[in-house]
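This report walks through one protein chain for a reader who has not seen it before. It goes from the whole chain to its core and then to single residues.

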Amino acid sequence: MRRDTLSFYTMDNFVFNGKKVLLRVDINSPIDKAGMISDDTRIRSHAKTINELIDLGASVAVLAHQGRPGDADFTTLEAHSKILQKYVNAPLKYVDDLFGPCARESIKAMKQGDVILLENARFYSEENVEKVPEVQAKTFLVKYLAPLFSLYVNDAFATAHRGHPSLTGFPMVMPSAGGRLLENEVEFLSTVSSGSSKPCIFVLGGGKVPDSVQLMETLLPTGMADKVLLTGLISHLFMIAQGKRVGHATMKVMEGKGLNSLLPRAESLLKNYGERIMTPIDVATLRSGSRYETGLSGMGGDAPIYDIGEGTVKAYCDELKKAKTVMMRGPAGFIEDPRFTKGSEALLKCLVATSAKSLLGGGHLRSISEKLGVADKIGYFSTGGGAFITFLSGEKMPALEVLITSAQKFKSDR
Ligand code: 3PG
């Protein structure tokens, strides 16, 4: 075990030759309006770990998730398997089952060098519940699958902030390691979290509002974030908390997603740290089928807010110019629609023109940076969105904690 930096086992600590390995990855990918995967960064990144395991003589069953129940991007992993096959140097079989007879028979039949991709773990109710590892170790998922494998490898850094059974159950019952991607993320981000140059600005956007509120509750009191610039859905929450009239269409979206319950927490953050939280001063919406930018007084139309406006980009850009470190997570608008990528693009262009050290999380920002041709000017891309900021905020990550527990538990089993 590399005790100097990591306190869990990595792939270097095990012999994989002839072993059946259960590999948890995070290939949760953006899905466009036509139902196609619009960015394959995570798939490409995990293929490297799979290829290394195959080269080391293992057979690999890949365990992953896509979306959340009820969301538009909640779907099977069939399309992922086709893309993964392009990057994996072995024939890959997709099994539309997770731990039922079909999956178990396919796993039992695996030969050295074989790779199978199991079905979206979140199709199964147990996977959607966060509980302590001791409970997750007793789920049917773990009971049925663990006996079929010699080793469990978790490469899913991007989901390491979740306490789901596919992440925390297996390390409790079998020898387990962090995969190569997860190891690299933890090693790099550890060097950053031990001291980022100030002022440090966080730009938080995207759709995962509860996660972002929770992170702000850590980043602002600890002083890790000198300023937080809000975009996307979380900015609508804070605008409502500031008493701004976002319009009935945006209110309906917020209500539909159950986000208004977060208002008291947003109000409390504004009360205590309001001068360090910035919200949009103008927005983009739809009018007669086209992008329409308006100041806050014009927000009440029939279409919801879809992006930040030019005035906000300018105000945020002025802040980014003063920063020494910028951490950005999530797009600024509804980028699935090309009319609303402008805000995210403009922020990225501004960021790369500053001298700040930039760290970006999540697939959306990476794919926009690549399309804009500025990706090579970004300091670091994490595969994680929420996981990346959670790690940097110093909060405990259940899937990493349990790898440490596992290393103690299975010390002599390597
Ligand atoms: C992500 O994309 O951030 C991870 O896959 C985790 O997804 P989740 O927020 O739905 O748990």
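Of the 414 residues of the chain, 59% count as buried, where buried means under 20% relative accessible area, exposed over 50% and partly exposed in between, with a 1.4 Å probe and protein chains only. The model is predicted, and local features need pLDDT of at least 70, side-chain atom pairs count only at pLDDT 80 or more, while totals for chains, interfaces and linings use all residues. Residues are numbered from 1 along each chain as its sequence is written, and side-chain values use heavy atoms, with hydrogens and water left out.

**The whole chain**

The chain holds 16 helices and 15 strands; these are DSSP runs numbered from the N terminus, with helices being H or I of at least four residues and strands being E of at least two. Its radius of gyration is 22 Å, close to the 22 Å that the globule rule gives for 414 residues, so the chain is as compact as a globular protein of that length. That radius is taken over C-alpha atoms, and the rule is 2.2 Å times the number of residues to the power 0.38. Along the principal axes, the C-alpha atoms fill a box of roughly 65 × 45 × 40 Å.

Contact means heavy atoms within 4.5 Å. Among contacts between residues at least 6 apart in sequence, 76% join residues at least 24 apart.

**The core**

A nonpolar core is a set of buried Ala, Val, Leu, Ile, Met, Phe, Trp, Tyr and Cys residues joined through side-chain atoms within 4.5 Å. The largest one has 56 residues, and those touching the most other members are Phe 157, Phe 202, Met 216, Leu 237, Phe 238, Ile 277 and Met 327. Elements giving two or more residues to this core include α7 (180-193), β7 (200-204), α8 (209-219) and α9 (232-241). The largest share, seven residues, comes from α9.

Helix α8 is mostly covered, with eight of its eleven residues buried. Among them are Val 209, Asp 211, Leu 215 and Met 216.

**Single residues**

Three residues are set side by side here.

| Residue | Place | Relative accessible area |
|---|---|---|
| Tyr 316 | helix α12 (residues 310-322) | 1%, buried |
| Ser 29 | loop between β1 (20-24) and α1 (41-55) | 4%, buried |
| Ser 288 | loop between β10 (282-287) and β11 (290-295) | 76%, exposed |

Which residues does Tyr 316 contact, leaving aside neighbours within four places in sequence? They are Leu 229, Leu 230, Thr 231, Met 278, Thr 279, Pro 280 and Leu 347. Leu 347 is 31 residues from Tyr 316 in sequence and 7.8 Å from Tyr 316 in space, C-alpha to C-alpha.

Ser 29 touches Ile 37, Asp 39, Ile 43, Gln 66 and His 80, not counting residues up to four places away in sequence. Asp 39 and Ser 29 are ten residues apart in sequence, and their C-alpha atoms are 6.5 Å apart in space.

Two backbone features remain. Most residues other than glycine have a negative phi, and most peptide bonds are trans. Ser 288 has a phi near 50°, a positive value in a residue other than glycine. The peptide bond from Lys 198 to Pro 199 is cis, with omega near -5°, and Pro 199 lies in the loop between α7 and β7.
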